[in-house]
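User: Please take a close look at one helix of the second chain in this model, and set it against the chain it sits in and the partner chain. I would like to know how far to trust the coordinates before reading any detail.

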Amino acid sequence: MATTSVTVPDLFCADPAIRDALQTPTSVTQDETLNSMALNLNARAERLRYNAHGVPRLERKKHVAFLRKTMGPFPAQYVHGDASRPWYIYWSLAGLNFLGEDVSSYRQRVVETARVMQNDTGGFGGGGKQTSHLATTYAMVLSLALVGGEEAFEVVDRRAMWKWLCALKQPDGGFQVSVGGEEDVRGAYCASVIISLLNIPLDLTADSPAWTPDGSANLLSGLGEYVRRCQTYEGGISGQPNAEAHGAYAFCALGCLALLGDPRQVVPRYLDIPRLIAWLSSRQYAPEGGFSGRTNKLVDGCYSHWVGGCFPLIEACLGIDEDDNKGQSPPTQEREDGLNLPAAPETLFSREGLVRYILGCCQNPERGGLRDKPGKGPDPYHSCYVLAGLSSAQHQWQLASRWEDEKEPDSAETIDDPVWLVLPHLDGARVYEQEDLVRAIHPVYAIPQQHQQAIRSYFLAKEGF
Amino acid sequence: MPPKGKAANKPKANERECSPKQQPQQQQQQTSSSPAPAPTPTTIAERSALFTDESRPFESARRKSGIASLPRDAQAACIALRFARLPAPARNRLPPKSQRELWRHVNDASLPIRALKRNYDYGAAGGWSFERYADWAAKRTVLTCLEGASRVFREKRESEKRGGSDPVTGERVVLTQGEIDEERGRRREMAALRKELYGVVTGRLEADPEWDDVVPIPQEEPEGALATISYLGEYAEAISYLRAVMVKKEYSPRCLKLTETIIEMNPAHYTVWLYRAANIFAMKLSIPDEIQWLNEVSLEHLKNYQIWHHRHLLIDNYYPTIADDAEAVAAFGASERQFLQQILAEDTKNYHVWSYRSYLIEKFGLWDVPEELTSIETMIDEDVRNNSAWSHRFFLIFSNPANSTPGVAATEHDPAAPAAVVDREVEYAKEKIALAPQNQSPWNYLRGVLVKGGRKLGSVEDFVQGFITGLGSDGEDVKSSHALDLLAEIYAEKGDKKQAELCLRRLAEKWDRIRAGYWEWRKKCLETA
């Protein structure tokens, strides 16, 4: 469908302002990638419906149809997904939810599936009778939150979950992803989310590797220091100390820290924010508009969430300057570390670029579903995180001060809840159609706030396990 | 008397089976009322229909025109058969005399007491020739014999496990290796026959006598379960045996082999990797052997995550055994490096490989091995944009305990970083930037080194200025947006907000427009600095 009336700004279709002559394998791959998406960048891809800005419509119906099929049953060649089945459920349900679908009709099936994947020793495995893993437990708990309802929440054996989390907690503050498994930032994030959503007590069992005789250590202690050790000289975050900065871990690190207290205080306490922002911002490329996961790597739709999803959180931490371009930032938040960072401008990243990349390059116009980039097949993983990224581009989050009187007297042991407020992002030129808004997604939990609040308040109100 | 009746019928039955070709003749004799002779059967189904007719001699005539129309002897035969075919309790209600008469009649007329079922379903075999069917039946007999022998083997195995003794000799039951091998061969034969005869595929483990004592735990999915996968038989079987041995916490050579089978089919199955490691440690198997095996698997599955954690666990376990032997440590480190280079040659930015490499350096203390730095330099020479190699270099130099203070963050100044090292690295980065000034990797590196070394960013101002001409003027030219970014910081460091702002404005307006929001924020940072 070649359209003649649309004009794409040259920023999003022409070569970048500066290009080096030297060719290396990295630049060759980058050039090939740009060539392969030329039609998309120029608003000339087949079967997409472009508006006057050269931005295609969100193929909502097709994506819904696609995601209704990515919860199985799968043929034998999906055997590689045998240890990740909760992920397929979460990605599909989340994607459907972000698109505005009601997924509560899946409650019974999620409940039944979750039951057989839960181990008596706590947590959920990747399938029936598999070792419990923090990633699959995270995916399963979020799936239960998405379908909602007491029956879904009550599936979780919280006492066993607590013991299992204690077994995973390491003396250096981090978490192993499974007993005897690797320790990384992903595990730290997943554990924090699980602890928060299920209101797990923070005390350690005496057989926890992190237990100390003086009783000072708990499930969250040392976590901030662990995350801090993962920030690299580039400013981004690596999966474990001493590795390369990587987008997925940036999101996990921020999400983890945001659950340790008020993010406005905790995040700057453990991370060098200016360096992190510099690195995150460097991940957005022109003309693509999308994000890459590491320095000198290619853009990929999934980083719309892993990197793009960091911005709502960062912007909320900095506060957003309502009265922009005056050079006089209101004193945003009290900064106990004496940090003196200005509020974010109207936006810290190019929302237009991200929206263009997502709608123009990541949609599969034939069978629906979203993808890494043109030429790649759609899958539930990319569908979920590309849509989450679209949500980040379309919304703006703010942190408000907690209403003190609502704080429960005995909630000292649980995570303090900051108040997150969200609005559609209205500043600047909007290049997508109003009907193509997706739901607002909580910057930490990667599900809509109402679902996060429903499960957490259910367990906050519960006495004992 | 019933036995007599049976006896009278039996020879006939045998006769029929043995000489199907005589059937039409016999039929003619017996059912004189049937009009035309049936055609000679050529298939199992046709012959079966013939046998059925024969077992119901008067049926077609009776159905056609009622019992009254039959000749008198046929009528008597019909009635006799009706009673003879009654279940015994019903038949016994006849007075004894009538019963005797009934059996006499049946015997004298040689009546077939048992009738065959009509339209027996042979499935595809209905169309087979007799020869083909005979061949099939012969194989079935062989299978039955094998199954019998196999049952004997299993019973013997059970007995051996119980510590039982032979009822004849009184000796304790012990299976010999010969018997086990024989059984293995037998199972293979049985599996092949089952497949041929019934199309049933026998699992590899089910067919292996070594696994007889394990009761597999099959996958159970509730009604409507989500994200189910229709596993192939072999995978499903292996997993169900895995569950069984994991429950038993068995660590044995056969379990190790089982993990290998599953890993071949699904290397992403983290549970099986953890269990494999547990097997190796429990049996105290040779770690170098396992690493050798792992090397091959790693090259086949470059993107796999679990492989590298497995290696990590192996090393954690192995290192203490060689830690005191400097030569062994060096040799092992060298062989690991060689392998890592091989795999990185295939996939230069593989995240897990690089992460493992940094772990190895730290664990083995390989900081000062010259080959490590050389090999990184080679990789940077091959692709100066390989950021993974740059990251590793930074780690190798600035996490080296000789050059660093524990607990100092990566983005912080470390007084322990030697000036000479900082100088060298600054020069190295500059040299690489010159090759391709818009390449961000060495710029990030350069900035990282300056901060680590506690140097002023302004110490590289001349170098940075070299990429920027006539900023803000008509003839403005910028060879590197990263240079302009750093220049803004250098001005800010010097307190020259105006120039810093100009750099940031030009970045937002022209040289790096996609990041305009960020440059805007940086301008605001100038105010608060």
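Analyst: Chain B of this predicted model has a mean pLDDT of 89, and 93% of its residues reach 70 or more. The exception to note is residues 1-34 of chain B, where the pLDDT is below 50. That stretch has 33 contacts in the model beyond near neighbours in sequence. Where pLDDT is low, predicted coordinates should not be read in detail. For the model, the scores are ipTM 0.94 and pTM 0.84.

The helix to look at is α14(B), which runs over residues 306-322 and has 17 residues. From the first C-alpha to the last, α14(B) reaches 25 Å, close to the 24 Å expected at 1.5 Å a residue. The helix has a bend of about 25° at D316(B). A proline, P320(B), follows D316(B) within four residues.

Which residues of α14(B) are buried? They are Q306(B), I307(B), W308(B), H309(B), H310(B), R311(B), H312(B) and L313(B). The cover over these buried residues includes three other helices of chain B: α12 (270-283), α13 (287-300) and α16 (351-364).

Now the chain around that helix. Chain B has 24 helices and two strands. Its radius of gyration is 43 Å, well over the 24 Å that the globule rule gives for 529 residues, so chain B is more spread out than a compact globule. Taken along the principal axes, the C-alpha atoms of chain B fill a box of roughly 130 × 70 × 40 Å. Of the 529 residues in chain B, 31% are buried. Contacts in chain B between residues at least 6 apart in sequence include 58% that join residues at least 24 apart.

One such link over a long stretch of sequence involves G126(B), which is 81 residues from A45(B) in sequence and 4.4 Å from A45(B) in space, C-alpha to C-alpha. G126(B) is in the loop between α7 (96-108) and α8 (130-162) of chain B. Leaving aside residues up to four places away in sequence, G126(B) touches T43(B), I44(B) and A45(B). G126(B) counts as partly exposed because 16 other C-beta atoms lie within 10 Å, and a residue needs 20 or more to be buried.

The partner is chain A, with 18 helices and two strands. Chain A has a radius of gyration of 22 Å, close to the 23 Å that the globule rule gives for 465 residues, so chain A is as compact as a globular protein of that length. The C-alpha trace of chain A spans about 70 × 55 × 45 Å along its principal axes. Buried residues account for 58% of the 465 residues of chain A. Among contacts in chain A between residues at least 6 apart in sequence, 71% join residues at least 24 apart.

The contact between the two chains takes 77 residues from chain A and 72 residues from chain B. On the side of chain A that touches chain B, the elements giving two or more residues are α1 (25-36), α4 (85-98), α5 (107-117) and α13 (273-282) of chain A. Of these, α5(A) gives the most, with six residues. By class, that side of chain A has 28 nonpolar, 34 polar and 15 charged residues.

Some backbone features of chain A are also worth checking on screen. The peptide bond from G72(A) to P73(A) is cis, with omega near -5°, and P73(A) lies in the loop between α3 (60-68) and α4 of chain A. Another cis peptide bond joins A286(A) to P287(A), with omega near 5°; P287(A) is in the loop between α13 and α14 (303-306) of chain A.

K129(A) is not a glycine but has a positive phi of about 60°. It lies in the loop between α5 and α6 (134-147) of chain A, and K129(A) counts as partly exposed because it has 19 C-beta neighbours inside 10 Å. A446(A), also not a glycine, has a positive phi of about 60° and is found in the loop between β2 (419-424) and α18 (449-460) of chain A. A446(A) counts as buried because it has 23 C-beta neighbours inside 10 Å.

Conventions
Residues numbered from 1 in each chain as written. Chains lettered and ligands numbered in written order. Predicted model: local features only at pLDDT ≥ 70, side-chain atom pairs only at ≥ 80, totals over all residues. Expected span 1.5 Å × (residues − 1). Bend = angle between axes of the 7 residues up to and from the residue. Buried ≥ 20, exposed ≤ 12 C-beta atoms within 10 Å, placed from the backbone. Contact = placed C-beta atoms within 7 Å. Nonpolar A, V, L, I, M, F, W, Y, C, P; charged D, E, K, R; others polar. pLDDT = per-residue confidence, 0-100. Rg over C-alpha atoms; globule rule 2.2 N^0.38 Å.
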